[in-house]
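Q: I'd like to learn how to read a model like this one, feature by feature. Could you walk me through it?

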Amino acid sequence: ISQPAVKWLKDLGMGDSQVANVITTFPSLLCCSLQKNLKPKVETLREWKFADSQIINMLSRFPQLLSYSSTRLAHRKGALEACDSLTDASLINSMTMTDAKFAARYE
């Protein structure tokens with residue numbers, strides 16, 4: 001597949017098997033805008049001090065992370081940070097929670 005998203009994932013440092021897993025798990029990633037969605041969200045994760053290796057791990061495990069709004073990501077990150085619980089695993093886990101479940105656990 002010669003999709004810009006595939007090249008971008010490889011440029012992030014993902015191997016062929018990781019890219020294949022991401023696309024198989026979350027095929028709509030191929031329809032996401034690199035400039036308006038994918039790149040800004042990864043840049044946000046970098047600004048939050050996640051290393052590229054952590055970002056690759058997060059996206060390999062849960063590529064749907066890129067489908068959530070920046071507002072939701074920022075809210076969850078802030079609440080996790082306030083509880084001193086921000087890790088790559090906790091961010092992924094928190095994104096899959098309903099708002100009510102998240103609020104009961106972290107707010």
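A: Gladly! Helices and strands are DSSP runs, numbered from the N terminus, where a helix needs at least four residues and a strand at least two. Keep in mind that this is a predicted model. With that naming, Asp84 is placed in the loop between helix 5 and helix 6.

Q: How many helices and strands does the chain have?

A: The count is seven helices and zero strands. Read along the sequence, that gives the pattern α-α-α-α-α-α-α.

Q: What can I learn from the radius of gyration of the chain?

A: The idea is to hold the value against what a compact globule would give. For 107 residues such a globule would be near 13 Å, and the chain has 14 Å, which agrees. The spans along the principal axes add to this: the C-alpha trace covers about 45 × 25 × 25 Å. You can also look at how contacts reach along the sequence: among those between residues at least 6 apart, 59% join residues at least 24 apart.

Q: What share of the residues counts as buried?

A: Buried means under 20% relative accessible area. In this chain, 41% of the 107 residues meet that mark. The chain as a whole exposes about 5,900 Å², and carbon and sulfur atoms supply 52% of that area.

Q: Which residues have the most contacts inside the largest nonpolar core?

A: A core of this kind is a set of buried nonpolar residues joined through side-chain atoms within 4.5 Å. Here the largest one has 35 residues, with Leu9 and Leu29 making the most contacts inside it. The elements giving two or more residues to this core are helix 1 (4-12), helix 2 (16-25), helix 3 (34-47), helix 4 (52-61), helix 5 (70-82), helix 6 (88-95) and helix 7 (99-106). Helix 1 provides the largest share, five residues. To see the packing around one member, select Leu29: leaving aside residues up to four places away in sequence, Leu29 touches Ala5, Leu9, Val22, Ile23, Leu38 and Leu66.

Q: How many aromatic pairs are there?

A: Ring pairs are read from the distance between centres and the angle between planes. The count comes to two aromatic pairs. For Phe102 and Tyr106, the ring centres are 5.1 Å apart and the planes meet at 40°, so this pair is tilted. These two residues are four apart in helix 7, which means about one helical turn separates them. Both Phe102 and Tyr106 are buried. The ring of Phe102 also has a charge over it: the charged end of Arg76 sits 4.2 Å from the ring centre.

Q: Where is Gln18 found, and which residues does Gln18 touch?

A: Start from the element, then look across the sequence. Gln18 is in helix 2 and is partly exposed, with a relative accessible area of 27%. Beyond residues up to four places away in sequence, Gln18 touches Gly13, Ile56 and Ser60. Gln18 and Arg61 are 43 residues apart in sequence, yet 9.1 Å apart in space, C-alpha to C-alpha.

Q: Which residue other than glycine has a positive phi near 75°?

A: That is Lys49, with phi near 75°. Lys49 lies in the loop between helix 3 and helix 4 and is exposed, at 71% relative accessible area. Asp84, which we met at the start, also has a positive phi, near 55°, without being glycine. Asp84 is exposed too, with a relative accessible area of 73%.

Notes: Residues numbered from 1 in each chain as written. Predicted model: local features only at pLDDT ≥ 70, side-chain atom pairs only at ≥ 80, totals over all residues. Heavy atoms only, no water. Buried < 20%, exposed > 50% of the residue type's maximum accessible area, 1.4 Å probe, protein only. Contact = heavy atoms within 4.5 Å. Phe/Tyr/Trp six-rings, centres within 6.5 Å; stacked < 30°, edge-to-face > 60°. Lys NZ or Arg CZ within 6 Å of the ring centre and 35° of its normal. Rg over C-alpha atoms; globule rule 2.2 N^0.38 Å. Areas by Shrake-Rupley, 256 points an atom, 1.4 Å probe, with all protein chains shown as cover.
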